[in-house]
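I opened this notebook to keep track of what I looked up. The entries follow the order in which I went through the topics.

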Amino acid sequence: MKYHFANPEFFYLLVLIPVFILIYVIKRKRLKPTLNISSFEGFLKSKPSIKQRLRYLWFILRMIAFIAFIVALARPQTTSQKETVSTEGIDIVLAIDVSTSMLAEDLKPNRIEAAKSTAIDFIKRRENDRIGLVIFSGESFTQCPITIDHQVLINLFDNIKSGMIEDGTAIGNGLATSVSRLKDSKSKSKVIILLTDGVNNMGAIAPITAAEIAKSFGIRVYTIGVGTKGSAPYPIKTPFGVQYRNVEVEIDEQLLKNISQMTNGEYFRATNNKNLERIYNEIDQLEKTKTEVATFKKNKDEYFPLALIGFGLIFIELLLKYIFIKTLP
């Protein structure tokens, strides 16, 4: 509900009020009679009557009525606005590598925790989209089918940890499982965001084959290679506690680029936490949910109560002036 004036130019008439006040003051001074007396002693104990106290009231009422009429002429209106929103969500599957190499700490606190954190932030921004989760290493499985219940999906991230399934890197299997979650989707936009830090070395399905299947179903694949350039500290459990060893970072970037190019997606490289956050933000901008908004407005005039107040005050003024106070014309 909004309040506005259809004819605000009438407010310029308010500048007449000081003029009316000035004219009234000058007129009162001219009409004020004078009487010469020898002493005020006889008048000191007298108090002004009610009529004397109210002698200015009729003019005050006239000015208030004048203001009410001006506001009424400006046509105050209330606007009722109704919006009908039609959204077209995007179906998205996040495919996340959970192999033991994701424990490397070139991203903080490590790659897998950084991937989980940024993915959750991404999910929170996609209010109108159905999102699912696939995890993979030496094999793959669906952690959560595509759903609009994002809180349930976010809660399932707590169970994701490295080593929860057979170790290795089966990029083809992870991609194929993601495609299977989207192939029957009726959404016009279907997207897979695949995150890995290694080279495909396991799985029954070749990554390029999985990419061809994704392409046939109109699914875009954004691939993210996670890991610094060079070597990264990797924790190793020993009888003397956890020790760190620098391990060479090997990412099959050419394979990830080919997958993205085949499916009209893009490839990104995340070498630190900020890069990973920027990548998800960029994908968020690339895959915007379509929203159609139809707006209906209805204006209602609100001047009548003000006009009624104005006429009421004029009526009261006339009663005071010619009946109760009885001033001469």
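Helices here are DSSP runs of H or I with at least four residues, numbered from the N terminus. With that settled, I looked up Ser-178 and found this residue in helix α6, which covers residues 171-182. I note that the model is a predicted one.

**Entry: Ser-178**

I asked whether Ser-178 is buried or exposed. Its relative accessibility is 0%, so Ser-178 counts as buried, the cut-off being under 20%. I then listed what touches Ser-178, leaving aside neighbours within four places in sequence: Val-93, Ala-95, Val-134 and Ile-192.

**Entry: α4 and α9**

Two packed helices are described by the angle between their axes and the distance between the axes. I looked up both values for helix α4, residues 111-125, and helix α9, residues 273-286. The angle is about 25° and the axes are 10 Å apart. Angles under 35 degrees count as roughly parallel, so α4 is roughly parallel to α9. I also noted the hand of the crossing of α4 and α9, which is right-handed.

Next I wrote down which residues make the contact. From α4 they are Ala-114, Ala-115, Thr-118, Ala-119, Phe-122 and Arg-125. From α9 they are Asn-273, Leu-276, Glu-277, Tyr-280, Asn-281, Ile-283 and Asp-284. I sorted the residues of this contact by kind and got seven nonpolar, three polar and three charged.

**Entry: a salt bridge between these helices**

Side chains of opposite charge can pair when their charged atoms come close. I checked Asp-284 and Arg-125, whose side chains meet in a salt bridge at 3.2 Å, N to O. Asp-284 belongs to helix α9 and Arg-125 to helix α4, and the two are 159 residues apart, so I filed the pair as one that links distant parts of the chain. Both residues are also on my list for the contact of α4 with α9.

The two partners have their own entries for accessibility. Asp-284 is at 7% relative accessibility and therefore counts as buried. Arg-125 has a relative accessible area of 36% and is partly exposed.

**Entry: other salt bridges**

How many salt bridges does the structure hold? I have twelve in my notes. One of them joins Arg-75 and Asp-301, at 3.1 Å from N to O. Arg-75 is in the loop between α3 (57-73) and β2 (76-88), while Asp-301 is in strand β11, residues 290-301. They are 226 residues apart, and the pair links distant parts of the chain. Asp-301 is partly exposed, with a relative accessible area of 35%.

I also looked up Arg-269, which forms a salt bridge with Glu-253, the closest N and O atoms being 3.2 Å apart. Arg-269 lies in strand β10, residues 267-270, and Glu-253 in helix α8, residues 253-262, with their positions 16 residues apart in the numbering. Arg-269 is buried at a relative accessible area of 17%. Glu-253 is partly exposed at 24%. Beyond single pairs, I recorded one network: salt bridges that share partners join Arg-125, Arg-126, Asp-129 and Asp-284.

**Entry: backbone oddities**

Most residues other than glycine have a negative phi, and most peptide bonds are trans. I looked for departures from this. The peptide bond from Lys-108 to Pro-109 is cis, with omega near -5°. Pro-109 is in the loop between β3 (91-97) and α4.

Arg-75, already noted for its salt bridge with Asp-301, has a positive phi, near 55°. Its relative accessibility is 32%, so Arg-75 counts as partly exposed. Asn-264 is not a glycine either, and its phi is positive at about 65°. I placed Asn-264 in the loop between α8 and β10. With a relative accessible area of 64%, Asn-264 is exposed.

**Entry: Glu-287**

Where does Glu-287 lie? I found this residue in the loop between α9 and β11. Glu-287 is buried, with a relative accessible area of 4%. Leaving aside neighbours within four places in sequence, I listed the contacts of Glu-287 as Ile-90, Arg-126, Val-191, Arg-220 and Tyr-222. Arg-126 is also in the salt-bridge network I recorded above.

Conventions:
Residues are numbered from 1 along each chain as its sequence is written. This is a predicted model: local features need pLDDT of at least 70, side-chain atom pairs count only at pLDDT 80 or more; totals for chains, interfaces and linings use all residues. Side-chain values use heavy atoms; hydrogens and water are left out. Axes are lines fitted to C-alpha atoms, for helices over the stretch in contact, and angles run from 0 to 180 degrees between N-to-C directions. Angles under 35 degrees count as roughly parallel, over 145 as roughly antiparallel, 65 to 115 as roughly perpendicular and the rest as oblique. A crossing is left-handed if the near helix is turned anticlockwise from the far one by less than a right angle, and right-handed if clockwise. Contact means heavy atoms within 4.5 Å. Ala, Val, Leu, Ile, Met, Phe, Trp, Tyr, Cys and Pro count as nonpolar, Asp, Glu, Lys and Arg as charged, and the others, Gly among them, as polar. A salt bridge is a side-chain nitrogen of Lys or Arg within 4 Å of a carboxyl oxygen of Asp or Glu. Buried means under 20% relative accessible area, exposed over 50%, partly exposed in between (1.4 Å probe, protein chains only).
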